[in-house]
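I opened this notebook to keep a plain record of what I looked up, entry by entry. Where I reasoned from a value, I have tried to write the step down.

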Amino acid sequence: MNIFGSPIMSFMKGKMLKHTPGMLTCLEFEQYIDKYITGKLDKSESRLFDRHVKVCRDCRNYINTYERTITQGKAVFEEKNLDEAVPDAVPSGLVDAVNAVKERNAQL
Ligand SMILES: [Zn+2]
């Protein structure tokens with residue numbers, strides 16, 4: 001068992017960070033994540049945020065996972081858009097046929 005992942009250690013770390021000037025606790029850090037992702041942290045907030053990421057491996061892992069999830073989500077979204085764009089290789093007759101079906105469906 002990893003002692004650093006234990007609740008006691010998290011608690012101790014929270015206490016320690018709370019008493020370190022200019023340092024966020026993990027709980028406070030979590031509240032900044034949304035702002036961080038949406039780019040709404042102001043200068044001093046982002047400094048606090050960066051500092052916490054540097055010293056806290058848990059939150060660093062957390063933010064990495066978070067960012068990866070968002071990147072993957074975006075990739076899926078962009079892929080979907082690509083599917084909707086018509087590749088050059090599609091014969092124009094087929095495109096016309098598909099459009100005709102679309103128009104007919106729209107009229108129904
Ligand atoms: Zn943390």
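The entries below go from the overall make-up to single helices, one helix pair and two residues.

**Entry 1, overall make-up.** I noted at the outset that this is a predicted model. I counted 5 helices and 0 strands in the protein, and reading from the N terminus on, I wrote the order of elements down as α-α-α-α-α. I then looked up burial and found that 6% of the 108 residues count as buried. For contacts between residues at least 6 apart in sequence, I recorded that 37% join residues at least 24 apart.

**Entry 2, the outer helices.** I turned to helix H1, residues 7-18, whose 12 residues reach 16 Å from the first C-alpha to the last, close to the 16 Å expected at 1.5 Å a residue. The number of buried residues among the 12 of H1 is 0, so I put this helix down as lying largely in the open. Helix H5, residues 92-107, has 16 residues, which at 1.5 Å a residue should span 22 Å, and I found its end C-alpha atoms 22 Å apart, in agreement. Of those 16 residues in H5, again the number buried is 0, so H5 too lies largely in the open.

**Entry 3, the annotated span.** From UniProt I took the feature "domain: Putative zinc-finger", which an unreviewed entry places at residues 26-60. I checked this span in the model and found it to be 83% helix and 0% strand, with its end C-alpha atoms 10 Å apart.

**Entry 4, H2 and what follows.** I applied the length check to helix H2, residues 26-37: its 12 residues should span 16 Å at 1.5 Å a residue, and its end C-alpha atoms are 16 Å apart, which agrees. After H2 comes Gly-39, for which I noted a positive phi, near 70 degrees.

**Entry 5, H2 against H3.** Two packed helices are described by the angle between their axes and the distance between those axes, so I looked up both values. The axes of H2 and helix H3, residues 43-55, come within 11 Å and cross at roughly 120 degrees. Because that angle falls outside the 65 to 115 range for roughly perpendicular and is not over 145, I entered H2 and H3 as oblique to each other. I also noted that H2 passes H3 in a left-handed crossing. On the H2 side, the contact is made by Phe-29, Tyr-32, Lys-35 and Tyr-36, and on the H3 side by Glu-45, Phe-49 and His-52.

**Entry 6, Phe-29.** Is Phe-29, which I located in helix H2, buried or exposed? I found 22 C-beta neighbours inside 10 Å, and because the cut-off for burial is 20 or more, Phe-29 counts as buried. Leaving out residues up to four places away in sequence, I listed Leu-24, His-52 and Cys-59 as residues that Phe-29 touches. The C-alpha atoms of Phe-29 and Phe-49 are separated by 6.7 Å, although the two residues are 20 apart along the chain.

**Entry 7, Glu-67.** I found Glu-67 in helix H4, residues 57-84. It has 13 other C-beta atoms within 10 Å, and because a residue with 12 or fewer would be exposed, I recorded Glu-67 as partly exposed. Between Glu-67 and Ile-37, which are 30 residues apart along the chain, I noted a C-alpha separation of 8.0 Å.

Note on methods:
Residues are numbered from 1 along each chain as its sequence is written. This is a predicted model: local features need pLDDT of at least 70, side-chain atom pairs count only at pLDDT 80 or more; totals for chains, interfaces and linings use all residues. The expected span of a helix is 1.5 Å times one less than its number of residues. Two residues are in contact if their C-beta atoms, placed from the backbone, lie within 7 Å. UniProt positions are given in the numbering used here, feature names are shortened, and annotations may be inferred rather than shown by experiment. Axes are lines fitted to C-alpha atoms, for helices over the stretch in contact, and angles run from 0 to 180 degrees between N-to-C directions. Angles under 35 degrees count as roughly parallel, over 145 as roughly antiparallel, 65 to 115 as roughly perpendicular and the rest as oblique. A crossing is left-handed if the near helix is turned anticlockwise from the far one by less than a right angle, and right-handed if clockwise.
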